[in-house]
Amino acid sequence: MEPRFQAAFKAMEDLEKGAIANPDEGRMVGHYWLRNTKLAPNSFLRVQIENALDAVCKLNLRLLHRVVLLKILSVGIGGSALGLQFVAEALAPDNPPLKIRFIDNTDPAGIDHQIAQLGSELASTLVIVISKTTYVVYLSNKNLSTLSGGTPETRNGLLEVQKAFREAGLDFSKQGVAITQEDSLLDNTARIEGWVARFPMFDCVGGRTSEMSAGIDIREMLVGASMMDNATRSTMLRNNPAALLALCWYWASDGVGSKDIVVLPYKDSLLLFSRYLQQLVMESLGKEFDLDSNRGTRSALYANDQESITVTIQEVTVEQICHACMKLG
């Protein structure tokens with residue numbers, strides 16, 4: 001196995017230098033650069049990330065001095081919600097300066113419930129709208145048009161929240177923050193309407209790893225994540241915890257995925273870790289093509305969250321699902 005792992009270590013090194021590792025979308029994978037901007041493949045991207053981080057910290061300082069703000073309402077779905085929920089549950093203090101609620105589905109009753117729970121505190125709530133995912137508009141059977149920063153479920157939540165603000169006689173633009181790709185539908189909406197702030201979600205950062213694009217005590221969290229990056233970059237197998245986990249899983253599943261990995265957090269604050277990990281793994285694996293641009297046999301078969309299941313429906317072929325079912329016996 002040593003030659004295979006050395007090849008994997010080299011591929012990881014190339015990935016951090018900007019190699020394209022997603023044949024489906026032709027994108028770099030750069031959430032590592034959020035944690036250590038020195039790893040960014042060019043100075044332009046490095047400056048973009050550093051400027052975004054400075055802007056987040058400046059907004060945090062502004063908010064901490066605005067005693068009128070008591071709550072945060074996050075509007076997003078999939079990786080744009082679950083990662084933030086996990087971070088808030090795992091790392092937030094017992095009495096955070098701003099308590100956070102989430103709208104992470106398109107269920108009208110669920111959205112109304114979250115808004116009703118805020119009640120009169122809607123006037124003191126900062127609304128963060130998060131959307132990166134490019135969604136597809138079907139113009140005909142063969143012609144497609146793609147739009148970024150306009151995830152339909154997130155848009156539905158935004159419209160409902162804006163409606164609640166209007167009915168309460170409040171100006172949403174004075175309490176709205178957008179986290180999205182530059183020049184996306186959401187970014188342009190926030191710019192035109194004059195929202196409080198707009199933060200970039202970079203093309204090279206997947207939604208499922210975007211909780212480090214903007215977050216709580218962001219600099220300290222990024223330092224911790226960077227330390228873990230360093231710990232998992234050792235090219236000595238016995239000193240690399242990520243490689244050891246991969247080896248154990250490979251060995252236990254006979255090298256063909258014959259068994260599943262089960263994650264059971266015993267720490268209450270890590271309750272959402274298994275759900276986040278499932279979404280992270282399943283949506284990453286739920287691609288139509290493998291790394292050699294061949295139609296693969298990977299699918300999000302075990303997923304139970306809406307985003308991963310949608311990936312399966314849109315990108316995974318019937319043959320892939322049949323192959324997975326045959327493996328199950």
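Two strands are taken to pair if DSSP finds at least two bridges between them, and helices (H or I, at least four residues) and strands (E, at least two) are DSSP runs, numbered from the N terminus. By this criterion, strand β3 (residues 71–75) and strand β4 (residues 99–103) pair in the parallel sense over five bridges. The structure is a predicted model, in which local features need pLDDT of at least 70, side-chain atom pairs count only at pLDDT 80 or more, and totals for chains, interfaces and linings use all residues. Residues are numbered from 1 along each chain as its sequence is written, and side-chain values use heavy atoms, with hydrogens and water left out.

Within the pairing of β3 with β4, Val75 has Ile103 of β4 as its bridge partner. Strand β5 (residues 125–131) also pairs with β3 in the parallel sense, over five bridges; here Lys71 is partnered by Thr125 of β5.

In a regular strand, side chains alternate between the two faces of the sheet. For β3, Lys71, Leu73 and Val75 on one side and Ile72 and Ser74 on the other are all buried (under 20% relative accessible area, with exposed over 50% and partly exposed in between; 1.4 Å probe, protein chains only).

The axes of helix α1 (residues 2–16) and helix α9 (residues 241–252) come within 12 Å and cross at roughly 135°. Axes are lines fitted to C-alpha atoms, for helices over the stretch in contact, and angles run from 0 to 180 degrees between N-to-C directions. The contact (heavy atoms within 4.5 Å) is made by Arg4, Phe5 and Phe9 of α1 and Ala243, Ala246, Leu247 and Tyr250 of α9.
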